[in-house]
Amino acid sequence: MKIAVLPGDGIGQEIIPQAVKALKAAGGHLPLDLNQGEIGWTSVVASGEALPQSTIDLIDRSDAILFGAIGGPEYEDWKRKNPRGSPLLRLRQDMKLFANYRPITLFPELINASPIKAELIQGLDLLIIRELNGDIYFGEPRGMVSDTPGQRESINTMRYTEAQIRQVAHAGFKAARRRRKKLCSVDKANVLETMLLWRDVVTEVGREYPDVELTHLFVDAAAMELIRRPTHFDVIVTGNMFGDILSDEAAMLTGSLGMLPSASIGTGAKGLFEPIHGSAPDIAGKDIANPLAAILSAALMLRYGFELEEEAQRIEGAVRQVLARGLRTGDIMEKGATRVGTQEMGEAVAKAIAAG
Ligand SMILES: NC(=O)c1ccc[n+]([C@@H]2O[C@H](COP(=O)([O-])OP(=O)(O)OC[C@H]3O[C@@H](n4cnc5c(N)ncnc54)[C@H](O)[C@@H]3O)[C@@H](O)[C@H]2O)c1
Ligand SMILES: CC(C)[C@H](C(=O)O)[C@@H](O)C(=O)O
Ligand SMILES: [Mg+2]
């Protein structure tokens, strides 16, 4: 079980060590082989490259990737002058990770930590499947059209092929089939031709899954419904950009962006597992970030990367136990709870796993 561990930048450096502790506690009996690599700004500082060859080699000889986050003001600045694309986007594309699973599950212990009324989120369990290899993220042409002052113009292209939509639609229907058999496809087919194609192809694929109820929503209405009736959703399948935005919104239903893990799965066997949040420069280096999204991403890695359901559940069960004991990082803090830091939370989860 060769795992490339890429903490990256900002809080990535703080949360990933906690996920590693959880992995070691849950997988002590497994042949875990964890190897750390550099990526992002941390790597630029060390070697001048955001995705150095040593990290590419490490990924090549690994079975799965545990990723923290990359980014921050210095990095965004550096990227402007070194427009070679984001290493994360490159990994997603090179590894053909076309589907990003973002499970929006409410731990009942956090029902009052969410800014949304308890009665609206009781029993919340929805899955957003975000297409990860297409859309405006990768469409050509892109870039500066004119840099003449006063007439500057820049372009990005929303682009999808039928094959890309078909592939992620199948992932959506299959996931719904394993769950409550409801798939909601989110698009903007009332305005964008790319999204008309999206709706047509998802509808066609749907004919192969007569047991799954397919509905369609425009993205603006979906953003509203996520707050108004979040428990009505089972699986949402959507494009790269809409999925990015809707999943940050949906994270707040569970209490915090710091609670949401993700699994990026592709045509190959190798998956990439990462919290959905970023490097959070505003709280980095203070030992206050919530490590649970990273820890839960490690659980997804065991489940989807290695088919170790029991070990994955041990991690998830331990997270629940620790929350039930009232331990909270600042982002999910509530009255009467005990505030802990990143490391303390990580250690508590690892101990709960070990105690079994
Ligand atoms: N996958 C990734 O690597 C990834 C994802 C998103 C953003 N980014 C990058 O991260 C940098 C910062 O972006 P941003 O500030 O827009 O988004 P962010 O997700 O880093 O932070 C948004 C807000 O959520 C809070 N937050 C995020 N994770 C948290 C956690 N685990 N615990 C507690 N609070 C948490 C932050 O403090 C901040 O207030 C940018 O450079 C961006 O490109 C990277
Ligand atoms: C950092 C950025 C490229 C990334 C994305 O937009 O996909 C992030 O927001 C995410 O959700 O993983
Ligand atoms: Mg995002």
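This is a short walk through the fold, its ligand surroundings and its annotated sites.

Let us start with how far the coordinates can be trusted, since this is a predicted model. The mean pLDDT of the protein is 96, and 100% of its residues reach 70 or more. For the complex, the predictor reports an ipTM of 0.99 along with a pTM of 0.97.

Next, the overall frame. In an unreviewed entry, UniProt lists residues 2-349 under "domain: Isopropylmalate dehydrogenase-like". That span is 41% helix and 20% strand, and its end C-alpha atoms lie 23 Å apart.

Now turn to the sheet, a good place to get your bearings. It is an open sheet of 10 strands with mixed pairing, and if you follow the strands across you meet them in the order β2-β1-β3-β12-β11-β4-β5-β10-β8-β9. The edges belong to β2 (33-36) and β9 (213-218); each has a single partner strand, so one side of each is left without a neighbour in the sheet. From one strand to the next, the twist averages 20 degrees.

It is worth pausing at one pair within this order. Strand β3 (residues 64-69) runs parallel to strand β12 (residues 271-275), and three bridges join the two. Here you can find I65 standing opposite L272 in β12. Helix α1 (residues 12-26) lies across this part of the sheet, over β1 (2-8), β2, β3 and β12, and runs at about 140 degrees to β3. Helix α8 (residues 193-206) also packs on the sheet, where it touches β8 (182-187), β9 and β10 (235-238). The direction of α8 makes about 165 degrees with that of β8.

With the frame in place, look at the ligands. Ligand 1 is surrounded by 24 residues, and the closest are G71, G258, H277, G278 and N290. By class, its shell holds 12 nonpolar, eight polar and four charged residues. Around ligand 2 you will find G71, S86, L88, L89, D244, I276 and G278. Sorted by class, that shell has three nonpolar, three polar and one charged residues. G71 and G278 are therefore worth a second look: they appear among the closest residues to ligand 1 and also in the list around ligand 2.

Finally, consider the annotated site. The unreviewed UniProt entry lists D220, D244 and D248 as "binding site". These residues span 29 positions in sequence, yet no two of their C-alpha atoms are more than 14.5 Å apart, so they gather at one spot. D220 sits in helix α9 (residues 219-228), while D244 is one of the residues around ligand 2.

Technical notes: Residues are numbered from 1 along each chain as its sequence is written. Chains are lettered from A and ligands numbered from 1 in the order in which they are written. This is a predicted model: local features need pLDDT of at least 70, side-chain atom pairs count only at pLDDT 80 or more; totals for chains, interfaces and linings use all residues. A residue is near a molecule or strand if its C-beta atom, placed from the backbone, lies within 6 Å of it. Ala, Val, Leu, Ile, Met, Phe, Trp, Tyr, Cys and Pro count as nonpolar, Asp, Glu, Lys and Arg as charged, and the others, Gly among them, as polar. pLDDT is the predictor's confidence in each residue, from 0 to 100. UniProt positions are given in the numbering used here, feature names are shortened, and annotations may be inferred rather than shown by experiment. Helices (H or I, at least four residues) and strands (E, at least two) are DSSP runs, numbered from the N terminus. Two strands pair if DSSP finds at least two bridges between them. Axes are lines fitted to C-alpha atoms, for helices over the stretch in contact, and angles run from 0 to 180 degrees between N-to-C directions. Two residues are in contact if their C-beta atoms, placed from the backbone, lie within 7 Å.
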